[in-house]
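The following paragraphs offer a guided reading of one protein chain. The reader is invited to keep the sequence and the structure in view throughout.

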Amino acid sequence: RSESNNLTHISPFWATFMSGGLSGLSFWMVALPIDTAKTWIQTAAFSSDRTTTTTLPSSHPQQQSPPNQHPQFCIKSVLGEIYAQHGITGVVQRLFRGWQVAFGRSVPAAAI
């Protein structure tokens, strides 16, 4: 028998399970950094409702906003400031913090 025939004998369950798991993992590899940056921005906006000083987590400098006006943040500015302070390694470490949990839950959830 040829090798190509052996590949067609994979059980439909395992093929579906593996492709679902890999798709879940692939999704979170792309989405986790964006989701993390979004959460930083939302947290900064929430804290600006309480005071006029806003901070982003673990390395974003404080920004002053005029009273009754929300500071404007975007993913590009957040990542740019972290990169300026910590380099590419710092950006990757901060964006993928908690990857074990995200990847660990995504594989079984997408596979089923």
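How many helices and strands does the chain have? The model, which is a predicted one, contains four helices and two strands. Followed along the sequence, these elements appear in the pattern α-α-β-β-α-α. The chain comprises 112 residues, of which 27% are buried. Its accessible surface amounts to about 7700 Å², and carbon and sulfur atoms account for 64% of that area. Of the contacts between residues at least 6 apart in sequence, 51% join residues at least 24 apart.

The interior may be considered next. In soluble globular proteins, nonpolar side chains tend to be buried together. In this model, the largest nonpolar core consists of nine residues, namely Ala37, Trp40, Ile41, Ala44, Phe73, Val78, Ile82, Val91 and Leu95. Two or more residues of this core come from helix H2 (12–50), and the same holds for helix H3 (75–95). A separate core of five residues also exists, and it includes Trp28, Ala31, Leu32 and Ala102. Leucine 95, a member of the largest core, has contacts with Leu32, Pro33, Thr36, Ala37, Trp40 and Leu79, when neighbours within four places in sequence are set aside.

Is serine 106 buried or exposed? Serine 106 belongs to helix H4, which spans residues 99–111. This residue counts as buried because its relative accessible area is 5%, and the cut-off for that class is under 20%. Beyond residues up to four places away in sequence, serine 106 touches Gly24, Leu25 and Trp28. Of these partners, Trp28 is also a member of the five-residue core.

The surface offers a counterpart to these buried positions. Which residues make the nonpolar surface patch of about 360 Å²? The patch is formed by Met29, Val30, Ile34 and Ile75. Helix H2 makes the greatest contribution to it, with three residues. Valine 30, itself located in helix H2, has a relative accessibility of 56% and therefore counts as exposed, the threshold being over 50%.

Threonine 16 provides a final point of interest. This residue also lies in helix H2, and its side chain reaches the backbone oxygen of proline 12 at 2.8 Å. Threonine 16 and isoleucine 112 stand 96 residues apart along the chain, yet 8.4 Å separates their C-alpha atoms.

Notes:
Residues are numbered from 1 along each chain as its sequence is written. This is a predicted model: local features need pLDDT of at least 70, side-chain atom pairs count only at pLDDT 80 or more; totals for chains, interfaces and linings use all residues. Side-chain values use heavy atoms; hydrogens and water are left out. A nonpolar core is a set of buried Ala, Val, Leu, Ile, Met, Phe, Trp, Tyr and Cys residues joined through side-chain atoms within 4.5 Å. Buried means under 20% relative accessible area, exposed over 50%, partly exposed in between (1.4 Å probe, protein chains only). Contact means heavy atoms within 4.5 Å. Patches are made of residues with over 30% relative accessible area and no salt bridge: like charges are joined within 9 Å, nonpolar side chains (Val, Leu, Ile, Met, Phe, Trp, Tyr) within 5 Å. Accessible areas come from the Shrake-Rupley method with a 1.4 Å probe; for residues, only the protein chains shown count as cover. A salt bridge is a side-chain nitrogen of Lys or Arg within 4 Å of a carboxyl oxygen of Asp or Glu. A polar contact is a pair of N or O atoms within 3.5 Å; within protein, one must be able to donate a hydrogen and the other to accept it, and residues adjacent in sequence count only if both atoms are side-chain atoms.
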